[in-house]
Structure formats: structure tokens, C-alpha cells
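Reader: I have a fold on my screen and a few labels I'd like to see justified. Could you walk me through them?

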Amino acid sequence: MAIPVIDFSKLEGPERAETMVAIAAGFEDVGFFQLVNTGIPDELLERVKKVCSDCYKVREQGFKDSNPAVKALADLVEKEGEGLAPRKIENMDWEDVFTLQDDLPWPSNPPAFRETMMEYRKELRKLAEKLLGVMEELLGLEEGHIRKAFTNDGDLEPFYGTKVSHYPPCPRPDLIDGLRAHTDAGGLILLFQDDRVGGLQAQLPNDRWVDVQPLENAIVINTGDQIEVLSNGRYKSAGHRILATRDGNRRSVASFYNPARLASIAPATPATGEGAADYPAFVFGDYMEVYVKQKFGPKEPRFAAMATATK
């Protein structure tokens with residue numbers, strides 16, 4: 001099964017109904033899909049590629065010299081040379097990463113980085129909010145319901161952050177992942193991935209892993225755990241991972257449109273299916289306290305912990 005590719009521009013034309021069906025299937029059947037023709041200018045996306053790649057060039061030596069995964073892998077390979085059987089590193093990722101938020105310091109080099117990424121984040125936020133409106137329509141919710149849930153009816157601001165990652169060439173991709181398998185904690189995730197170097201895989205409902213193929217200037221969409229709760233299990237968060245590779249330096253720019261930390265999250269639709277039970281209601285910040293400790297484990301114990309905590 002391939003990850004769906006959807007032409008988002010058709011949402012505004014005579015093929016709107018078919019496009020809505022395709023988006024619904026992407027949310028419900030896979031949890032991952034790619035959008036093309038999003039309205040974000042290609043010229044801006046090309047600038048994002050350049051400034052992120054230039055930024056990594058500034059950081060590259062630091063990754064090689066001080067990233068703990070680099071040292072751990074080197075030690076493992078050295079022990080292998082001494083005749084010891086290596087065991088895959090399970091508690092680290094082969095990733096250089098930093099996060100952009102409006103209220104935190106940003107890289108100053110390259111000089112065009114801040115201006116470009118601020119413009120990009122503005123465009124991605126508009127796309128995220130448009131997609132949430134589509135989701136509300138598909139779920140039969142009133143317009144603005146999800147934003148209200150994420151902001152406690154407008155009293156708070158949703159969290160909006162962007163994670164800029166690079167996955168450099170790895171000498172032993174059999175011994176470490178670029179990023180270990182997990183589901184995302186929050187709401188809607190919009191990823192501008194490398195269009196040359198692959199490695200991202202999504203986990204289908206049957207637990208099979210499939211490649212999310214590089215596609216020039218597409219935006220990859222997936223939903224987090226909070227959307228699973230809001231939809232009462234209809235739109236499940238999908239597991240995903242990034243495989244380390246020997247060749248190529250994979251770029252990944254992921255933007256997260258999440259609830260505010262103090263937002264109260266609860267199912268917005270009835271449970272469906274025989275014997276189905278409602279997901280728990282909780283404060284997003286409480287969920288995050290559990291998530292940071294269990295990110296790379298299954299999500300079900302996290303939901304169970306929230307159910308227990310709110311009884």
C-alpha cells in the first residue's frame with residue numbers, strides 16, 4: 001500500500017467532493033498522506049531547503065564531535081572489531097535537531113534563516129488551520145471546534161513549533177535508527193521532508209512499515225495522539241520512524257500544531273463499533289508528562305494512564 005498523494009488545490013474546484021473523500025481516507029485508513037499544490041510558493045520552499053542545509057553546515061562539525069550517538073556507535077563498532085557481537089543502540093537517534101518557536105532564540109547563521117523560516121512557518125500555520133477545518137467538516141463538528149479545544153475556547157494560544165532535523169550519513173545504519181519508532185503526542189503534523197534522500201516510514205494499521213516516498217515540494221501530513229482522542233479513535237495516530245542511511249544527508253522540517261499545555265482534551269464524537277469505549281478526557285500538559293517518559297513505547301499505556309488519572 002502506497003502513502004496517498006492528494007492534490008490540495010482541487011479542494012476549491014469541481015473535484016472538491018472526491019478530494020474530501022481522499023483526505024478522509026488518508027486520515028482514517030493510513031494516518032499519513034502527502035499534499036501537493038498546497039498554495040505555498042515553490043520559491044519559498046526552495047529557500048527553506050537552502051537555509052536549512054546551510055544551517056546544518058554550520059552545525060555539522062558539532063554533530064560529529066559531540067553528539068552522543070556518534071560516540072556510542074563508534075564504541076560499538078570498536079567492540080565489534082574486538083570480537084564482541086554488536087547490539088543495536090535502542091536509546092539514541094542518529095539525528096541533529098533543533099526547534100523553532102516564536103519565543104525562543106533562533107539561529108543567526110545563515111543570515112537569511114530567520115526571515116525565511118518565519119515566512120515558511122506563517123504559511124504552514126495557515127495550511128494547518130485549513131486542514132483542521134477540513135477535519136471538522138469530515139467529523140461532523142462545528143466550525144472551529146478543534147481550535148477551541150486546543151485553546152480552551154480561545155483563552156490560550158495553541159502550541160506551534162517547528163523541528164529542523166538532519167540525518168547525516170551513518171556508517172552502520174544496521175546498528176542505530178535515524179529516529180526510533182513513535183507516534184506524535186500532539187495534534188496535526190506538517191512535514192517538509194527531503195525530496196532526494198528517503199528513510200521515513202509509516203506504520204500501517206496491519207503493522208506493516210511502508211516508505212513515505214520523497215516527493216518534490218510536497219507536505220507530508222500525519223495526526224498525533226490528541227486527534228485520536230478528539231475523534232474518539234476514528235483518526236488514529238500512526239507510528240513512524242526514520243531509517244539511518246549510509247548515503248545522503250536527509251533534511252526534515254516538521255511543524256507541529258498542538259493544543260496549549262493547559263488545554264482540556266476530550267472526545268468530540270461518539271465512540272463507534274461494537275463494544276467501543278470513549279477515550280479519556282485530560283489536560284494536554286498531563287499527557288505530555290507521561291509522553292516524554294514513554295515516547296518510544298506503545299501509545300495505549302499513555303491513554304490508560306490518563307484514564308486512571310482522571311477517575
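Reader: Let's start with the basics: how many helices and strands does the chain have?

Author: There are 8 helices and 13 strands in the chain. Keep in mind that this is a predicted model.

Reader: What makes the chain a match for a compact globule?

Author: Set the value against the rule: for 311 residues, a compact globule would have a radius of gyration near 19 Å, and the chain has 20 Å, so the two agree. The C-alpha trace spans about 60 × 45 × 40 Å along its principal axes. As for the inside, buried residues account for 50% of the 311, where buried means under 20% relative accessible area.

Reader: And what share of the contacts join residues at least 24 apart?

Author: Taking contacts between residues at least 6 apart in sequence, 79% join residues at least 24 apart.

Reader: Why is the pair Arg47 and Glu119 called a salt bridge?

Author: The closest N and O atoms of Arg47 and Glu119 are 2.9 Å apart, and the cut-off is within 4 Å, so the pair qualifies. Arg47 sits in helix α2 (residues 42–66) and Glu119 in helix α4 (residues 113–139), so this bridge ties together parts that are 72 residues apart in sequence.

Reader: Are those two buried, exposed or partly exposed, and how do you know?

Author: Arg47 has a relative accessible area of 26%, and Glu119 has 33%. Partly exposed runs between under 20% and over 50%, so both get that label.

Reader: What about Lys49 and Asp195: what makes that a salt bridge?

Author: Same test. Their N to O distance is 2.6 Å, and the limit is within 4 Å, so the pair counts. Lys49 is in helix α2, while Asp195 is in the loop between β6 (188–193) and β7 (200–203), which puts the partners 146 residues apart. Both Lys49 and Asp195 are buried.

Reader: Where do Asp54 and Lys50 lie, and how far apart are they?

Author: Both are in helix α2, 4 residues apart, about one turn of the helix. An α-helix has 3.6 residues a turn, so residues three or four places apart point the same way. The side chains of Asp54 and Lys50 meet in a salt bridge at 2.7 Å, N to O.

Reader: Why is Lys50 called exposed?

Author: The relative accessible area of Lys50 is 52%, and exposed means over 50%, so Lys50 makes the cut.

Reader: And Glu43, what keeps it from that label?

Author: Glu43, which also has its place in helix α2, comes in at 48% relative accessibility. Exposed needs over 50%, so Glu43 counts as partly exposed.

Reader: How many salt bridges turn up in the whole structure, and which residues join into one network?

Author: The search finds 26 salt bridges. Bridges that share partners join Arg125, Glu129, Arg147 and Glu157 into one network.

Reader: How far apart are the mean positions of the positive and negative charges?

Author: For the 37 positive and 49 negative charges, the mean positions are 3 Å apart.

Reader: Last one: which residues of helix α7 are buried, and what covers them?

Author: In α7 (residues 284–294), the buried ones are Phe284, Gly285, Tyr287, Met288, Val290 and Tyr291. Their cover includes β5 (179–182), α6 (225–230), β11 (250–258), β12 (264–265), β13 (282–283) and α8 (300–309).

Note on methods. Residues numbered from 1 in each chain as written. Predicted model: local features only at pLDDT ≥ 70, side-chain atom pairs only at ≥ 80, totals over all residues. Heavy atoms only, no water. Helix = DSSP H or I, 4+ residues; strand = E, 2+ residues; numbered from the N terminus. Buried < 20%, exposed > 50% of the residue type's maximum accessible area, 1.4 Å probe, protein only. Rg over C-alpha atoms; globule rule 2.2 N^0.38 Å. Contact = heavy atoms within 4.5 Å. Lys, Arg positive; Asp, Glu negative; His and termini not counted. Charge placed at Lys NZ, Arg CZ, Asp CG, Glu CD.
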